[in-house]
Amino acid sequence: MVRYDNAYEPDSSYGSAVRLVEGAGISAGVVLDLGCGYAAVAEPLQALGLTYVGADVDEVAVESLRGRGIEAAVVDLGSAAEVLTEELVDLLAGRPLAVVLALDSLEHLPRPEVVLDVLRGLGDDAAPVSLVVSYPNVTHYDVAANLLAGRWYRTDEGLLDRTHLDLRD
């Protein structure tokens with residue numbers, strides 16, 4: 001399993017996600033981070049007064065978060081909709097959901113639309129829930145240059161890591 005234990009960088013997609021949440025004026029509620037990994041955004045979001053809750057399939061990452069005092073649970077986003085709904089409802093424990101993050105996680109799922117359908121059911125009509133998604137930029141100049149040269153390199157991590165689904169079939 002690829003483990004991304006990247007530090008928070010303000011000029012990264014993680015920094016952009018934090019700025020989007022801050023710019024939206026969200027200052028209370030739960031930030032549910034789906035596929036959180038080692039949760040590079042946890043502390044910056046907590047500094048905004050939000051309750052951070054991470055969910056990831058990687059037990060080692062979740063245990064690492066708990067060791068940092070960050071609430072996290074092992075959740076498989078590839079589970080059936082009913083199972084995923086139950087796990088996320090239990091994780092939220094009745095607390096108001098303010099933001100859902102899916103930062104570089106949906107590309108690892110065979111059916112990301114199932115996750116999005118589950119999220120739709122978690123929202124409260126009285127209080128909107130923001131969704132922040134990031135996806136690897138396969139139009140990055142490195143990828144484009146290799147494609148122009150007829151090369152498609154899979155890697156152990158990064159834009160073309162082997163755990164990203166290959167949608168060319």
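Visitor: Leaving aside its neighbours within four places in sequence, which residues is Ser-134 in contact with?

Guide: Good place to start! This is a predicted model, where local features need pLDDT of at least 70, side-chain atom pairs count only at pLDDT 80 or more, and totals for chains, interfaces and linings use all residues. Numbering starts from 1 along each chain as its sequence is written, and side-chain values use heavy atoms, with hydrogens and water left out. With contact meaning heavy atoms within 4.5 Å, the partners of Ser-134 beyond those neighbours are Ser-13, Ala-102, Leu-103, Asp-104, Ser-105 and Glu-107.

Visitor: Is Ser-134 buried or exposed?

Guide: Ser-134 lies in strand S5; helices (H or I, at least four residues) and strands (E, at least two) are DSSP runs, numbered from the N terminus. A residue is buried under 20% relative accessible area, exposed over 50% and partly exposed in between, using a 1.4 Å probe and protein chains only. At 12%, Ser-134 is buried.

Visitor: In what order do the elements of the protein chain run?

Guide: The chain has six helices and five strands. Read from the N terminus on, they go α-β-α-β-α-β-α-β-α-β-α.

Visitor: And what is the order of the strands in the open sheet?

Guide: Two strands count as paired if DSSP finds at least two bridges between them. The open sheet has five strands, with parallel pairing, and the order is S3-S2-S1-S4-S5.

Visitor: Which strands stand at the edges of that sheet?

Guide: An edge strand has a single partner strand, so one side of it is left without a neighbour in the sheet. The two in that position are strand S3 (71–74) and strand S5 (130–134).

Visitor: What is the bridge partner of Val-31 in S2?

Guide: Strand S1 (residues 30–34) and strand S2 (residues 51–56) pair over five bridges, in the parallel sense. In S2, the partner of Val-31 is Tyr-52.

Visitor: What angle does the direction of H3 make with that of S3?

Guide: Axes here are lines fitted to C-alpha atoms, for helices over the stretch in contact, and angles run from 0 to 180 degrees between N-to-C directions. H3 packs on the sheet, where it touches S2 and S3, and its direction makes with that of S3 an angle of about 160°.

Visitor: Which residue in S5 does Leu-103 stand opposite?

Guide: Leu-103 belongs to S4 (97–103), where seven of seven residues are buried. S4 pairs with S1 over four bridges and with S5 over five, both in the parallel sense. On the S1 side, Asp-33 stands opposite Leu-101, while in S5 the residue opposite Leu-103 is Ser-134.

Visitor: Which residues touch the most other members of the largest nonpolar core?

Guide: A nonpolar core is a set of buried Ala, Val, Leu, Ile, Met, Phe, Trp, Tyr and Cys residues joined through side-chain atoms within 4.5 Å. Among the 23 residues of the largest one, those are Val-21, Val-41, Leu-45, Tyr-52, Val-99 and Leu-101.

Visitor: Which elements give two or more residues to this core?

Guide: Three helices and a strand do so. They are helix H1 (13–23), helix H2 (42–47), helix H3 (59–67) and strand S4 (97–103).

Visitor: How many residues are in the second core?

Guide: It is separate, and its members include Val-53, Val-100, Ala-102 and Val-115. The number of residues in this second core is 21.

Visitor: How wide an arc do the buried residues of H5 cover?

Guide: The buried residues of helix H5 (residues 112–122) are Val-114, Val-115, Val-118, Leu-119 and Leu-122. They lie on the same side of H5 because the arc they cover around the axis, taken from the directions from the helix axis to the C-beta atoms, is only 140°.

Visitor: Which exposed residues does the opposite face of H5 carry?

Guide: The buried residues of H5 pack against S1, helix H4 (81–92), S4 and S5. Turned away from that buried side are the exposed residues Arg-120 and Gly-121.

Visitor: What is the relative accessible area of Ala-93?

Guide: Ala-93 is found in the loop between H4 and S4. Its phi is near 50°, a positive value in a residue other than glycine. Ala-93 is exposed, with a relative accessible area of 57%.

Visitor: Asp-104 has a positive phi too, so near what value is it?

Guide: Asp-104 sits in the loop between S4 and H5. It counts as partly exposed, at 27% relative accessibility. The phi of Asp-104 is near 55°.
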